[in-house]
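Let's go through this one by asking what sits behind each label. Here it is.

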Amino acid sequence: MTRPDGEGLTDEERYDQGMTVRREVLSDAHVDRAVANTTGLTADFQDFITRVAWGDIWSRPGLDRRSRSVAVLTALIALGHHEELAMHLRAALRNGLTADEVKEVILQAGLYCGVPAANTAFRIASEVFAEEP
């Protein structure tokens with residue numbers, strides 16, 4: 001039986017659940033590119049993030065996806081993971097955050113993570129939002 005938190009699932013079931021969530025959050029196109037670019041070097045990592053990040057953590061019932069996106073955006077800003085930030089800004093919009101809410105997340109992060117981190121996050125967000133229809 002599939003549980004929303006992944007507990008009690010086989011690795012294959014966790015992978016399948018993770019792939020479903022990953023596609024819903026990041027888009028089929030993004031996931032298809034990631035899968036197509038998987039190599040012998042990265043295959044185990046792709047399996048790991050699909051099972052653990054998406055099948056276990058993102059599937060837990062304790063936070064909705066909007067809240068998870070807020071947490072992820074803040075962490076990525078704080079740690080300076082700019083490539084991941086762009087991807088998760090797109091995901092945040094898919095998860096229902098508005099551009100104004102993202103702005104507030106970046107402002108809040110700027111207070112605790114620093115002005116340079118927020119400045120870079122605003123630049124990346126501007127680029128991402130310019131791509132959106």
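Q: Which helix gives the most to the lining of the largest pocket?
A: Helix 5 does, with six residues. A helix here is a DSSP run of H or I, at least four residues long, numbered from the N terminus. Bear in mind that this is a predicted model, where local features need pLDDT of at least 70, side-chain atom pairs count only at pLDDT 80 or more, and totals for chains, interfaces and linings use all residues. Residues are numbered from 1 along each chain as its sequence is written, and side-chain values use heavy atoms, with hydrogens and water left out.

Q: What makes a residue part of the lining, and which ones lie nearest the centre of the largest pocket?
A: A lining residue has an atom within 4 Å of a pocket point; a pocket is an open set of points on a 1 Å grid over the protein atoms alone, where a 1.4 Å probe fits, with protein on both sides within 12 Å along at least five of seven lines. The largest pocket has 19 such residues, with L26, H30, E84, M87 and H88 nearest its centre. Two or more lining residues come from each of helix 1, helix 2 (28–36), helix 3 and helix 5 (82–94). The space in this pocket comes to about 550 Å³, the volume being what is filled by probe spheres set on the points, which are joined across faces, edges and corners.

Q: Why is the pair D11 and R14 called a salt bridge?
A: The rule asks for a side-chain nitrogen of Lys or Arg within 4 Å of a carboxyl oxygen of Asp or Glu. For D11 and R14 the N to O distance is 2.6 Å, so the pair qualifies. Both residues lie in helix 1 (residues 11–26), three residues apart, or about one turn of the helix. Together with D56, they are linked in a network of salt bridges. The whole structure holds nine salt bridges.

Q: Why is R14 called buried, and D11 partly exposed?
A: Buried means under 20% relative accessible area, exposed means over 50%, and partly exposed is in between (1.4 Å probe, protein chains only). R14 is at 12%, so R14 counts as buried. D11 is at 46%, so D11 counts as partly exposed.

Q: How do you know that R66 and E101 make a salt bridge, and what does the pair link?
A: Their side chains come to 2.8 Å, N to O, so they pass the cut-off. The pair links distant parts of the chain: R66 is in helix 4 (residues 65–79) and E101 in helix 6 (residues 99–113), 35 residues apart. R66 has 31% relative accessible area, so R66 is partly exposed. E101, at 29%, is partly exposed as well.

Q: What about R51: buried or exposed?
A: R51 is at 15% relative accessibility, so R51 counts as buried. R51 is found in helix 3 (residues 43–57). Leaving aside neighbours within four places in sequence, R51 is in contact (heavy atoms within 4.5 Å) with D11, R14, Y15 and D56.

Q: Why does R68 have no salt bridge?
A: The nearest side chain of opposite charge, D64, is 7.2 Å away, so the pair fails the cut-off. Still, R68 is buried, and its side chain reaches the backbone oxygen of L63 at 3.4 Å. A polar atom of the R68 side chain also lies 3.3 Å from the backbone oxygen of I57.

Key. Lys, Arg positive; Asp, Glu negative; His and termini not counted. Polar contact = N/O pair within 3.5 Å; in protein donor to acceptor, adjacent residues only side chain to side chain.
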